[in-house]
Amino acid sequence: MRKVLGYCCMLLLACCFSACVGTSFNGSRIGNENQLIMEYNVFNTTDDQDLTLEAGDTVHAEIVAASGSLSVKVQKDNEEPVYENNSITASVNFDIEIPESGIYTITITGKRAKGSVSFEKAAAPETETLETQQAAKEVEADFSEAFQGLNGCAVLYSPAQEQYTFYQEAMCRQENSPYSTFKIISALSGLQNNVIADETTKMHYNGTVYGNPDWNGDLTFQEAFGVSCVWYFRQVIDLVGETEMKEELEELQYGNCDISEWGGSNINPGEELNGFWLGSSLNISPLGQVKVLANIFEGQSGYDSSNVAVVKQLMLAEENGTQAIYGKTGSGGNGEAWFVGFLEAGGEREYFAVYLNDSERKDEVSGKKAKEIAVKILQ
């Protein structure tokens, strides 16, 4: 009887262990002859991708390691690897110079890993990318069905097609307060200036009971971005400082770059809930939002690629097996709302900005509504 019980216990432990191991991969993956991009909560397996490269090409690699470890090898046929590292436990970014033309295989093995991996054939130089944006085609589209009578506009930019698509073009060129979409910039600036160390960084909660219960307590960077906590990013921006913020906005060509009302215009109760980006001096058009996002996520800004990768992961709004939408909402109190970001599918990105401004139907307007409209348009 004891032997039977012992066998049963061993069998039960084996089943429990198998259940704990669970899925070997939980995340998203985009791979083609030019790139391999993966973001994952679980990566406990081996994956590989072939890239077709020419002599003199550069492959830019970005690895965000939240936990666990990775081993990486980049190799052409059975030749000596052009890159190999069997124990990556910290976030890194580096370039791989390709010595000869051919098909190179990237092999990645994860051990209880969480984070992201990106290997991309280097993009064109900055001047060429900016010239491409300036020379892109412009077309009109009718997205009125998605807006359901709400007053608003939308602009999309496809780098692959070198094309802007407008709905209500005149409105797309008018500048407005960015509201909480500006958290994309303040998050990047916080990371770039070492105000934010990583996703776990906390700011001081002063004990105020806010109308949004998600803001009432100590929040990590990841949590604060997810619930769009104003007081958290007010502290981040204050620590970055006016001089640095002004320089970054001018380099990005972010709207009117006006931060003169640093403390905001008191649209909300409490100093910590106001700022130049909230119904105040800073304004940007939907077209401007798209141009700034394209420069950042196409690698043409001054922000480190590792910091861009962290913010990108925080922006993930929804995904399935073939595509992912990254974005950030924002809203004002008089029928104004945004959803800005990009769609990633098949190795290509499409940048977008949806803006609503309808004071007569302000009860229907929200960042969530702007997001719903954007998803319909992208589909």
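At 53% relative accessibility, Glu140 counts as exposed, and this residue makes a handy way into the model, which is a predicted one. Glu140 sits in strand β8, a stretch that covers residues 137-140. Once the neighbours within four places in sequence are set aside, the contacts of Glu140 are with Phe166, Tyr167, Gln168 and Glu169. One of these partners, Gln168, is 28 residues away along the chain, yet the C-alpha atoms of Glu140 and Gln168 are separated by 8.1 Å.

Gln168 itself deserves a closer look. This residue belongs to the loop between β10 (163-167) and α4 (169-172). Its relative accessible area of 37% makes Gln168 partly exposed. The backbone here is a bit out of the ordinary: phi of Gln168 is near 65°, a positive value in a residue that is not glycine. For background, most residues other than glycine have a negative phi.

Two further residues share this feature of the backbone. Ser228 is not a glycine either, and its phi is positive at about 55°. The residue is placed in the loop that runs between α6 (221-226) and α7 (230-240). With a relative accessible area of 15%, Ser228 falls in the buried class. Asn194, just after α5, also takes a positive phi, this time of about 60°.

That brings the tour to helix α5, which takes in residues 183-192. Nine of its ten residues are buried, so the helix is largely enclosed by the rest of the structure. The buried set runs through Lys183, Ile184, Ile185, Ser186, Ala187, Leu188, Ser189, Gly190 and Leu191.

Some of the cover for this helix can be followed from Tyr303. Which residues does Tyr303 touch, leaving aside its neighbours within four places in sequence? The contacts are Ile185, Leu188, Ser189, Gln192, Glu248, Leu252, Ile296 and Val308. Ile185, Leu188 and Ser189 are also among the buried residues of α5. As general background, an α-helix has 3.6 residues a turn, so residues three or four places apart point the same way. Tyr303 is itself in a loop, the one between α9 (286-297) and α10 (305-314), and is buried with a relative accessible area of 10%. Trp215, by contrast, is well away from Tyr303: the two are 88 residues apart in sequence and 28 Å apart in space, C-alpha to C-alpha.

Back towards the start of the chain, Gly31 is found in strand β1, which spans residues 25-32. Gly31 is partly exposed, at a relative accessible area of 34%. Not counting residues up to four places away in sequence, Gly31 touches Leu36 and Gln49. Asp48 lies 17 residues from Gly31 along the chain, and their C-alpha atoms are separated by 9.3 Å.

The cysteines come next. How many disulfides does a search of the whole structure find? The search comes back with zero. Cys153 is in no disulfide, and the nearest cysteine sulfur, that of Cys172, is 3.7 Å away. Cys172 is likewise in no disulfide, with the sulfur of Cys153 as its nearest, again at 3.7 Å. A disulfide calls for sulfur atoms within 2.5 Å, so a separation of 3.7 Å does not count as one. Cys153 is buried, with a relative accessible area of 0%, and Cys172 is buried with that value of 0% too.

Stepping back, the secondary structure of the protein adds up to eleven helices and 14 strands. Its radius of gyration is 23 Å, close to the 21 Å that the globule rule gives for 379 residues, so the protein is as compact as a globular protein of that length. Along the principal axes, the C-alpha trace spans about 75 × 60 × 45 Å. Of the 379 residues, 47% count as buried. Contacts often reach across the sequence: among those between residues at least 6 apart, 66% join residues at least 24 apart.

As for the surface, the protein exposes about 18100 Å², and carbon and sulfur atoms supply 46% of that area. The protein carries 25 positive and 55 negative charges, and the mean positions of these two groups are 10 Å apart.

How values were computed
Residues are numbered from 1 along each chain as its sequence is written. This is a predicted model: local features need pLDDT of at least 70, side-chain atom pairs count only at pLDDT 80 or more; totals for chains, interfaces and linings use all residues. Side-chain values use heavy atoms; hydrogens and water are left out. Helices (H or I, at least four residues) and strands (E, at least two) are DSSP runs, numbered from the N terminus. The radius of gyration is taken over C-alpha atoms; the globule rule is 2.2 Å times the number of residues to the power 0.38. Buried means under 20% relative accessible area, exposed over 50%, partly exposed in between (1.4 Å probe, protein chains only). Contact means heavy atoms within 4.5 Å. Accessible areas come from the Shrake-Rupley method with a 1.4 Å probe; for residues, only the protein chains shown count as cover. Lys and Arg count as positive and Asp and Glu as negative; His and the chain ends are not counted. The place of a charge is taken as NZ of Lys, CZ of Arg, CG of Asp or CD of Glu.
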